[in-house]
Every structure is written in C-alpha cells, then in structure tokens.
Amino acid sequence: MTRRKCLAVGLILAGLFAVAWMPPALFAGDEKSSNSPVAATPPASQESPHENHINGGNLVDDYRWLREKPNPEVAQYLEAENAYTDAVMKPTEALQKKLYDEMVSHIKENRRKRSV
C-alpha cells in the first residue's frame, strides 16, 4: 500500500473514532441519532493475572489469556467485541462512506509500467 493510501486510511479511522466517542449531548438535536452509541454495552472481559519475571521485576498481565488462539472463550469474547464495535459504529456508516470516498478522491495513482 502506498504512503498516501496509508495516510488516507489513517485519517478515515481517526475521523470515525472521533465521531464514535462524541458526547451524547452533541447528538441531542440530531434525529438520526436515536440509536446513539451509548445504547450498546461493551463485553466484560475476565481478568486472569499472569506474572512475568523480567530483569528482576514482576509484570502482571491480566489479559494474557486473550493470546490463547485455540481457546473458544477467546473467540467468543472477540466476536462480542466485534459486535459491540459494529453497534457503536452503526450510526456513522454514512459518514464512513463519505469520508472514505473523499479520501480516495484525493489519491492520485501512478500507472507506470515496471520493467522486469
């Protein structure tokens, strides 16, 4: 991916996150926001402390269990997180498309032939 495309994707994501976490008071006069993001609740993650002994110190990682890919609980938790993200971002779908189209419209692609 070219640097411009990376920049465009980064700007799109920054805009989406900024809109997703706006205070609900900003949506007060907006009729479309009756499904405000505050209606969804994030999934609760279990904490399972795991101590790492590094350079004479102890580091506690409460969420190390999320690294266990074969664990079905990890898959269920990640699916719940994805569902929560979809619910929170749902009101911004039109804005996401608008921002994406705007960013892509500013990207000039080089169509040079490469010599082998």
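Helices here are DSSP runs of H or I with at least four residues, strands are runs of E with at least two, and both are numbered from the N terminus. What we're looking at is a predicted model, so local features need pLDDT of at least 70, side-chain atom pairs count only at pLDDT 80 or more, and totals for chains, interfaces and linings use all residues. Residues are numbered from 1 along each chain as its sequence is written, and side-chain values use heavy atoms, with hydrogens and water left out.

Start with the overall layout. The protein has three helices and two strands, and reading from the N terminus the order is α-β-β-α-α. Of the 116 residues, 15% are buried, where buried means under 20% relative accessible area, exposed means over 50%, and partly exposed is in between (1.4 Å probe, protein chains only). As for contacts (heavy atoms within 4.5 Å), take those between residues at least 6 apart in sequence: 47% of them join residues at least 24 apart.

Now for the hairpin. Strand 1 and strand 2 run antiparallel and are joined by five bridges; two strands pair if DSSP finds at least two bridges between them. His50 sits opposite Asp61 of strand 2. At the turn, Asn55 lies in the loop between strand 1 (50–54) and strand 2 (57–61). The hairpin has two residues between its strands, and Asn55 shows a positive phi of about 50° even though it is not a glycine. Asn55 is also exposed, at a relative accessible area of 79%.

Past strand 2, the loop that leads to helix 2 holds Leu66. Leu66 is partly exposed, with a relative accessible area of 26%. Leaving aside residues up to four places away in sequence, Leu66 touches Val74 and Tyr77. Its C-alpha is 9.7 Å from that of Ser48, a residue 18 positions away along the chain.

Those two partners of Leu66 bring us to helix 2, where Val74 and Tyr77 are buried along with Val88 and Met89. These four cover an arc of only 100° around the axis, so they fall on the same side of helix 2; the arc is taken from the directions from the helix axis to the C-beta atoms. On the other side, Pro72, Gln76, Glu79 and Asp86 are exposed. At the start of this helix, a side-chain oxygen of Asn71 comes within 3.0 Å of the backbone nitrogen of Glu73. Helix 2 itself covers residues 72–89, 18 in number, and its first and last C-alpha atoms are 26 Å apart, close to the 26 Å expected at 1.5 Å a residue. That expected span is 1.5 Å times one less than the number of residues.

Finally, the charged pairs. Side chains of opposite charge can pair when their charged atoms come close. The structure holds two salt bridges, each a side-chain nitrogen of Lys or Arg within 4 Å of a carboxyl oxygen of Asp or Glu. One links Glu93 with Lys90, with 3.5 Å between the closest N and O atoms; Glu93 is partly exposed at 43%, while Lys90 counts as exposed at 51%. In the other, Asp101 meets Lys97 at 2.9 Å, N to O. Both of these residues belong to helix 3 (residues 93–105) and are four residues apart, about one turn of the helix. Asp101 is partly exposed, with 36% relative accessibility, and Lys97 is exposed at 53%.

Terms used:
Polar contact = N/O pair within 3.5 Å; in protein donor to acceptor, adjacent residues only side chain to side chain.
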